[in-house]
Amino acid sequence: TLKNGISWKKQSVKRASLLYFSLLPLSTIIVCLVNPPIDIYNEAYSSDLKAGDTFNLALPLNEVYPKDFYVALVSAECGHCKRIKRKIDVAKRKYPHFPQVFFFIEGNEESVQEFMFNSDQTYPYQKMSPKDLLTSTHGNYPMIVHVENELIISVENSRDFLKRDFTAMGY
């Protein structure tokens, strides 16, 4: 037994823990300086969809651009994307003048079919590769793009779109 009635085993464990937890942050900083983490959202994945720009994606099924429409960039297996789809379904039923919605969707054939045809509403859609989805959305999907007269009016994420009040928009 050493001073303060603490055994030498407990005291050495306490010192080792203190040393370990004091060196851990320092070692993490050194590792990051020597080998910095890769920026996964580099310029290859930067979004080119911005308000005020001309909309330049080819619409699914070679559709003609309507005056006012939405484009949903989604993944078939994403929970937030499924919530967006339900919000769009409700809006299409509730507001007769709700604009056309085009879906660009990433996923395997089975998940895409389940995503697109699991409601009473039908929408034009086009499958896209995971890389194309990441490139278009900067990894922030679902992304909803509102287009009017071929100009992008707004680019929204799921949180903003789910809060949107369509009554105020005159639909």
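# A tour from Lys85 to the strands

Start by selecting Lys85 and Phe115 in this predicted model. The charged end of Lys85 sits over the ring of Phe115, at 5.9 Å from the ring's centre.

**Helix 2**

Now select residues 79-94, which make up helix 2. Helix 2 has 16 residues, and from its first C-alpha to its last it reaches 23 Å, close to the 22 Å expected at 1.5 Å a residue. Colour Cys81, Ile84, Lys85, Ile88, Asp89 and Ala91, the buried residues of this helix. Where do they lie around the axis? They cover an arc of only 165°, which puts them on the same side of helix 2.

Next, show what covers these buried residues. The cover includes strand 1 (68-75), strand 2 (100-106), helix 3 (109-116), strand 4 (143-148) and helix 5 (158-163).

**Ile88**

Stay in helix 2 and pick Ile88. Is Ile88 buried or exposed? Its relative accessibility is 1%, so Ile88 counts as buried, the cut-off being under 20%. Leaving aside residues up to four places away in sequence, Ile88 touches Val101, Phe103, Tyr123 and Phe161. Add Ala72 to the selection: Ile88 and Ala72 are 16 residues apart in sequence, and their C-alpha atoms are 9.7 Å apart in space.

**The aromatic rings**

A pair of aromatic rings is described by the distance of the centres and the angle of the planes. The count for this model comes to 6 aromatic pairs. One of them is Tyr70 with Phe98, a stacked pair with 5.4 Å centre to centre and 10° between the planes. Tyr70 lies in strand 1 and Phe98 in the loop between helix 2 and strand 2, so the pair ties together parts that are 28 residues apart in sequence. Both Tyr70 and Phe98 are buried.

Keep Tyr70 selected and add Phe161. These two rings form an edge-to-face pair, with 5.9 Å between the centres and 75° between the planes. This pair links distant parts of the chain, since Tyr70 is in strand 1 and Phe161 is in helix 5, 91 residues apart. Phe161 is buried, as is Tyr70. Show the three rings at once: Tyr70, Phe98 and Phe161 form one aromatic cluster.

**Strand 4 and its partners**

Move on to strand 4. How many of its residues are buried? The number is 5 of the 6, so strand 4 is largely enclosed by the rest of the structure.

Display strand 1 beside strand 4. The two run antiparallel and are joined by 6 bridges. To find one bridge, select Ala72 and its partner Ile144 in strand 4.

Now display strand 5 with strand 4. These strands also pair in the antiparallel sense, over 6 bridges. Here Val147 has Ile152 in strand 5 as its bridge partner. Follow the chain through the hairpin of strand 4 and strand 5, where 2 residues lie between the strands. Asn149 takes a positive phi near 50° in this hairpin.

**Last stop: Glu156**

Finish in strand 5 (residues 151-157) by selecting Glu156. Is Glu156 buried or exposed? Glu156 is buried, with a relative accessible area of 9%. Not counting residues up to four places away in sequence, Glu156 touches Pro142, Met143, Ile144, Phe161 and Arg164. Two of these names have come up before: Ile144 is the bridge partner of Ala72, and Phe161 belongs to the aromatic cluster with Tyr70 and Phe98.

Key: Residues numbered from 1 in each chain as written. Predicted model: local features only at pLDDT ≥ 70, side-chain atom pairs only at ≥ 80, totals over all residues. Heavy atoms only, no water. Helix = DSSP H or I, 4+ residues; strand = E, 2+ residues; numbered from the N terminus. Expected span 1.5 Å × (residues − 1). Buried < 20%, exposed > 50% of the residue type's maximum accessible area, 1.4 Å probe, protein only. Arc of directions from axis to C-beta. Contact = heavy atoms within 4.5 Å. Pairing = 2+ DSSP bridges. Phe/Tyr/Trp six-rings, centres within 6.5 Å; stacked < 30°, edge-to-face > 60°. Lys NZ or Arg CZ within 6 Å of the ring centre and 35° of its normal.
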